[in-house]
Amino acid sequence: SPQRDPPKFIRKPSPPPPSRRKAESKTVSGASNNENPVKSDVSEKESAIKNVEDKKEQEKARAKAEKRKVKRANAEREMVDCEETYLGSLTTLQTVYQLPMIKQRKALGLEEKDINVIFSPML
């Protein structure tokens, strides 16, 4: 009698294609099953060193950002202080010089246009 294929439940599964065999022979970390444990320890140490270096870089970046933040706050404070000083000077100019001169304008022989030439109308 001619030879027949065995029923499906008895057939052996066919081997995976070559490209899948390579992927299956690797472990989760990407190392092959027969890798030397010393090499694994070295790669773990290298990974740990890289993590420490990454943390140092992150800390440097945080420190740099904090420094910029402090400088920005100092610049803002300087601008506010400068504006406050300027407004104080304008107030002094107006109360000590402009208002008394306006009150005594006739006694000083000044006209209103003279006051406007001496002091800006915006004051």
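How many salt bridges does a search of the whole structure find? The search finds three, and the legends below visit them along with other parts of this predicted model.

**Figure 1. Overview of the predicted model and its helices.** Let us start with the whole chain. The protein has four helices and zero strands, and the pattern along the sequence reads α-α-α-α. Helix H2 runs over residues 37–103, while helix H1 covers residues 18–24 and helix H3 covers residues 105–108. Of the 123 residues, 3% count as buried. The protein exposes about 11,700 Å², and carbon and sulfur atoms supply 56% of that area.

**Figure 2. Confidence along the chain.** It helps to know how far to trust each part before zooming in. The mean pLDDT of the protein is 80, with 67% of the residues reaching 70 or more. Confidence is highest in helix H3, at a mean of 92, and lowest in helix H1, at 54. Please take care with residues 27–32, where pLDDT stays under 50. For this stretch the model has five contacts beyond four places in sequence.

**Figure 3. The salt bridge between Arg62 and Glu59.** Here the closest N and O atoms of the two residues are 3.1 Å apart. Side chains of opposite charge can pair when their charged atoms come close. Both Arg62 and Glu59 belong to helix H2, and they sit three residues apart, about one turn of the helix. With a relative accessible area of 52%, Arg62 is exposed, because the cut-off for exposed is over 50%. Glu59, at 45%, is partly exposed.

**Figure 4. A network of salt bridges links Arg77, Asp81 and Glu84.** Now for a view with three residues joined together. Arg77 forms a salt bridge with Asp81, and their closest N and O atoms are 2.6 Å apart. Arg77 also meets Glu84 in a salt bridge, at 3.8 Å from N to O. Because Arg77 and Asp81 are four residues apart in helix H2, about one helical turn separates them. The members of the network can be described by their relative accessibility too: Arg77 has 44% and is partly exposed, Asp81 has 31% and counts as partly exposed, and Glu84 has 48% and counts as partly exposed.

**Figure 5. A nonpolar surface patch made by Leu93, Val96 and Tyr97.** Next comes a view without charged partners in focus. The patch has an area of about 270 Å². Leu93, one of the residues that make the patch, lies in helix H2. Is Leu93 buried, exposed or partly exposed? Its relative accessibility is 30%, so Leu93 counts as partly exposed.

**Figure 6. Pro100 and its contacts in helix H2.** The last close-up centres on a proline. Pro100 is found in helix H2, the helix that spans residues 37–103. Which residues does Pro100 contact, leaving aside its neighbours within four places in sequence? Pro100 is in contact with Gln94 and Thr95. A relative accessible area of 28% makes Pro100 partly exposed.

Terms used. Residues numbered from 1 in each chain as written. Heavy atoms only, no water. Patch = residues over 30% accessible without salt bridge, like charges linked within 9 Å, V, L, I, M, F, W, Y side chains within 5 Å. Areas by Shrake-Rupley, 256 points an atom, 1.4 Å probe, with all protein chains shown as cover. Salt bridge = Lys/Arg side-chain N within 4 Å of Asp/Glu carboxyl O. Helix = DSSP H or I, 4+ residues; strand = E, 2+ residues; numbered from the N terminus. Buried < 20%, exposed > 50% of the residue type's maximum accessible area, 1.4 Å probe, protein only. Contact = heavy atoms within 4.5 Å. pLDDT = per-residue confidence, 0-100.
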